[in-house]
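Hi everyone, thanks for making time for this. I'd like to walk you through one model today, so let's put it up on the screen.

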Amino acid sequence: MPKRYKDIVGDAGSNVVAQLQEHQERLAARLHRISHTVAVMSGKGGVGKTVVTVNLAAVLAREGYAVGVLDADINGPSVAKMMGVRGASFAMGERGVSPARGLLGIKVMSMDLLLPGDAPVMWEASTKQDAFVWRGMAEVNALREFLADTDWGELDFLLIDLPPGTDRFPNLVQLLPPSGALIVTIPSEVSHLVVKRSIAVAKELKAPLIGLVENMAGYVCPTCGSVGALFEGKGAEGMAAELDIPYLGRIPFDPRIATSSDEGRPFFLDCRESPAGRAFACLGEEVRRFVKSKPPAKERVP
Ligand SMILES: Nc1ncnc2c1ncn2[C@@H]1O[C@H](COP(=O)(O)OP(=O)(O)OP(=O)(O)O)[C@@H](O)[C@H]1O
Ligand SMILES: [Mg+2]
């Protein structure tokens, strides 16, 4: 019998307004100890948002920053797997739920840690239409609870890995306007079409955009190390210029990224000098530079 979402996170019915207010207050208190929040988004699925998130976490943690990763994908969480903490037990203390600890002490919170085995989250509603509306609301509430209930401690960076869908970023902004957002695309027109929509939404919200990252841009030959084309489509540099957002460079397709993701060890840790490793390092540099001028997260809670 699949577990229903309400079985996991409460009765979702009584005294909703007071509950929400309480969560929002707790969220504000948590954010007092977090310097910067960075959302990784795209709109498009499968373009490497999670890969970018976990490798950026590794880059920053290796530089000595205290880093946390929130997996905002309630239905298809994959951060715990890519960080090698699936199945980790975590304690419920006085100050909330302790996140799992990955390599370099990176803290991880994901629905995957709460669900037993491979159980899916089911969204329950009386009609299909209700289910659609309710799902968005329920996801926002789940995220609020995740953020508010997790004892993140002192963090320099909290990275938030968003699921696909152009509505996901606006939902996050309601809760917590991030210090910056990274947008991930691949060099295909199909991806560009969706990503452009996400950028338009983010701009409408006047969200601080760190820039556009182009993943799977070229293929690294495992024998000679040269980079060849993987997709025929136009690169994203032109799109970034057209939309007037910074272009943060390309991460080539490297089969070792997929392998290390499956093994739960961020690729960057073992392959820092590869073209993709260097691209992740540059991304870390861009993120650090961007947040320097931003107010700390605690001043950003609505
Ligand atoms: N540059 C790359 N080289 C090789 N494999 C990659 C690269 N980027 C991502 N992958 C692989 O592609 C798959 C999809 O990546 P990932 O899960 O990060 O995408 P996503 O955008 O987070 O997907 P979703 O929309 O489902 O959340 C994974 O198996 C990952 O290991
Ligand atoms: Mg993902």
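The chain has 12 helices and 11 strands, and please keep in mind as we go that this is a predicted model. Of its 302 residues, 42% count as buried. If you look at contacts with a separation of 6 or more, 79% of them join residues that are 24 or more positions apart.

Let me zoom in on helix α3, residues 49-62. How far apart are its end C-alpha atoms? They are 20 Å apart, and that agrees with the 20 Å that 14 residues should span at 1.5 Å a residue. Now for its surroundings: 13 of the 14 residues of α3 are buried, so the helix is largely enclosed by the rest of the structure. Just after α3 comes G64, which takes a positive phi of about 100°.

Helix α3 also brings us to the ligand. Ligand 1 is surrounded by 22 residues. Which of them are the closest? Those are G45, G48, T50, V51 and S261. As for the elements involved, α3 supplies at least two residues of the shell, and so do β9 (209-220), β11 (247-253) and α10 (255-263). In character, the shell divides into 10 nonpolar residues, nine polar and three charged.

Next, some backbone angles that I'd like you to look at with me. L104 has a positive phi of about 60°, although it is not a glycine. You'll find L104 in the loop between β5 (100-101) and β6 (107-109). Is L104 buried or partly exposed? With 17 other C-beta atoms within 10 Å, L104 is partly exposed.

M216 is another residue other than glycine with a positive phi, here near 55°. M216 is found in strand β9, one of the elements that supply at least two residues of the shell around ligand 1. The count for M216 is 24 other C-beta atoms within 10 Å, so M216 is buried.

One last stop, and then I'm happy to chat. R26 lies in helix α2, residues 16-31. R26 has 16 other C-beta atoms within 10 Å, so this arginine is partly exposed. Along the chain, R26 and R144 are 118 residues apart, while their C-alpha atoms are separated by 9.4 Å.

That's my tour, so over to you. If we go back to one place together, I'd pick the shell around ligand 1, with its 22 residues.

Definitions and conventions:
Residues numbered from 1 in each chain as written. Chains lettered and ligands numbered in written order. Predicted model: local features only at pLDDT ≥ 70, side-chain atom pairs only at ≥ 80, totals over all residues. Helix = DSSP H or I, 4+ residues; strand = E, 2+ residues; numbered from the N terminus. Expected span 1.5 Å × (residues − 1). Buried ≥ 20, exposed ≤ 12 C-beta atoms within 10 Å, placed from the backbone. Near = placed C-beta within 6 Å. Nonpolar A, V, L, I, M, F, W, Y, C, P; charged D, E, K, R; others polar. Contact = placed C-beta atoms within 7 Å.
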